[in-house]
Amino acid sequence: MGSVYRLTLRQLSGKWRLSIMTVLSAMPVVIAILMLSSEQAPSVREFEQVVLSGMLAGSIAPMVVLAIAAAAFGNEVEDRTIANLTLSPIPRWHIAVPKLLAVITIAAPFVVVSAFFTS
Amino acid sequence: MSEHPVTPSNGGVIPSEARDDAVIRVDHVSRWFGSVVAVSDVTFDITPGITGLLGPNGAGKTTLLRMMTGLAATSRGTVTVFGEPVRDNPPLYKRIGVMSEHETVYGFMKGREFVRMMGELRGVSNLEHAVDKAIALVDLADAQHRPMATYSRGMRQRMRLAGTLVHDPELLILDEPLNGADPRQRVHFKHLLQRLAAEGRTIVLSSHILEEVEQLADTVLLIVNGKLAASGEFRAIRAALNQRPYHVKVVSDSPRKLAAAVVALDSVDAVHVDPDGAVIVLSRNVRDLQIELPRLAKSTAISLRRVEPLDDSLESVFGYLVEQ
């Protein structure tokens, strides 16, 4: 399973993908800073509803995870390199699980760091 | 249809009789996509040796290969490899090496990394030694530490072949393996396959180029429109091809004089002059015509400007065989 995990990590670590993920993750932080620096600062409840629930949990985090997860399998299918894996003498879950773990490994830091600085 | 079973040592295709030593058994297999029939009721056995799967583009070769590798399900019929169903049977891939038609590689990986990963996935013991051996087989030791994105098309194909060979499979299935290979690589590839076959392996390779398969495979399966048009020894197929009538267009400075002279040749069945002034020759013996025509032109002082076959496409060759 280690081979598929390492392969997927390298596939997902492209400069462009990481840059886009960084920009997406930074958006709630930037908006939070703007809101807090405004003269009409929102209440904690408003901030929680608009930024944390609405933006971060509702759209940014799913987008980051979806973009990475789709690339984990989508690129292999699109490039037709998936046969290198499916024609191996390993059960299918030995392909799916490491890919899922690699997605979590890449996506989790973006989501966690973004949530930490935003809140 | 020509059917010539051969001995296992030479590689063989047995279309209708079940064989005990069959490595691949395709039994009344059909595959359709909606209303389109890609493969229609095909039956054959493949035994050790090199077998070429030949057919024009869109004939159903890749669909057939995908069913033989378990990548695609059959709509009807069964495919067994080493006596076991190949579909949804991952452990069988320890004995099979498959190189697909598409030459896309992991561009960020170095060649050696790719072969090592393929070995790891296939549970190869003594991995580094196996990787060294596979890379040496395809003669790419010098390029093994370069990213595959920097490889030429032919180099990518060879490194993919190394990845296919790293677990020392008994059965090799190669879809259009010579795509992108230059003449030197083709010769190297031919010798490599012959060596692997001599060690007792079963090798199936597909191509849409007649001459390519002729150089590599002793036996062939001819697929046309999803059906098995002919199968057996290549020599028998080639003999059938040589007997087919060819139309040859000859452009000269004296078409009527040439037509009158050429009709007397033994190798010529019929002659006519087309509206553009070219002589169209119908021959069942093109080899003799190739020798006789220049001699005739020299003796009659006719200047030949162009000689070209009109129906030498693979589709027309297969069309002729199907009619037989």
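## Starting point

Two residues are taken to be in contact if their C-beta atoms, placed from the backbone, lie within 7 Å. With that in hand, we can look at how helices lie across strands in this model, which is a predicted one. Helix H4 of chain B, residues 153-165, is a good place to begin: H4 lies across S7 and S8 of chain B, and runs at about 160 degrees to S7(B).

## The sheet of chain B

S7 and S8 belong to an open sheet of six strands in chain B, with the order S7-S8-S9-S4-S10-S11 and mixed pairing. Its edge strands are S7 (96-99) and S11 (227-233) of chain B, each of which pairs on one side only. From one strand to the next, the twist averages 15 degrees.

Let's follow the edge at S7(B). Strand S8 of chain B covers residues 171-175 and runs parallel to S7(B), with four bridges joining the two. Within this pair, B:Gly97 stands opposite B:Leu172 in S8(B). As a general reminder, strands of a sheet pair through backbone hydrogen bonds, either parallel or antiparallel.

A second helix to look at is H1 of chain B, residues 61-68. H1 lies across four strands of chain B, namely S4 (49-54), S8, S9 (202-207) and S10 (219-224). The angle between H1(B) and S8(B) is about 150 degrees. S8(B) therefore has both helices lying across it, H1 and H4.

## Two loop residues worth a look

Two residues of chain B have a positive phi although neither is a glycine: B:Asp139, at about 60 degrees, and B:Glu176, at about 45 degrees. Where do they sit? B:Asp139 lies in the loop between helix H3 (127-137) and H4 of chain B, while B:Glu176 is found in the loop between S8 and helix H5 (183-198) of chain B.

Is B:Glu176 buried or exposed? B:Glu176 has 23 C-beta neighbours inside 10 Å, so it counts as buried, the cut-off for that being 20 or more. B:Asp139 has 16 other C-beta atoms within 10 Å and is therefore partly exposed.

## Domains of chain B

Chain B is divided into two parts: domain 1 takes in residues 8-240, and domain 2 takes in residues 245-323. The C-alpha centres of these two domains of chain B lie 39 Å apart.

## Chain A

Chain A has five helices and zero strands, so its elements read α-α-α-α-α from the N terminus on. Its radius of gyration is 18 Å, well over the 14 Å that the globule rule gives for 119 residues, so chain A is more spread out than a compact globule. The C-alpha trace of chain A spans about 60 × 25 × 20 Å along its principal axes.

How much of chain A is buried? Buried residues account for 29% of its 119 residues. As for contacts in chain A between residues at least 6 apart in sequence, 88% join residues at least 24 apart.

## Where the chains meet

The two chains touch through 18 residues of chain B, which are in contact with 14 residues of chain A. On the chain B side, helix H2 (residues 111-121) gives the most, with four residues. By type, the residues on that side of chain B divide into 10 nonpolar, five polar and three charged.

Terms used
Residues are numbered from 1 along each chain as its sequence is written. Chains are lettered from A and ligands numbered from 1 in the order in which they are written. This is a predicted model: local features need pLDDT of at least 70, side-chain atom pairs count only at pLDDT 80 or more; totals for chains, interfaces and linings use all residues. The radius of gyration is taken over C-alpha atoms; the globule rule is 2.2 Å times the number of residues to the power 0.38. A residue is buried if 20 or more other C-beta atoms lie within 10 Å of its own, exposed if 12 or fewer, and partly exposed in between; C-beta atoms are placed from the backbone. Two strands pair if DSSP finds at least two bridges between them. Axes are lines fitted to C-alpha atoms, for helices over the stretch in contact, and angles run from 0 to 180 degrees between N-to-C directions. Ala, Val, Leu, Ile, Met, Phe, Trp, Tyr, Cys and Pro count as nonpolar, Asp, Glu, Lys and Arg as charged, and the others, Gly among them, as polar. Domain bounds come from an automatic or database domain assignment.
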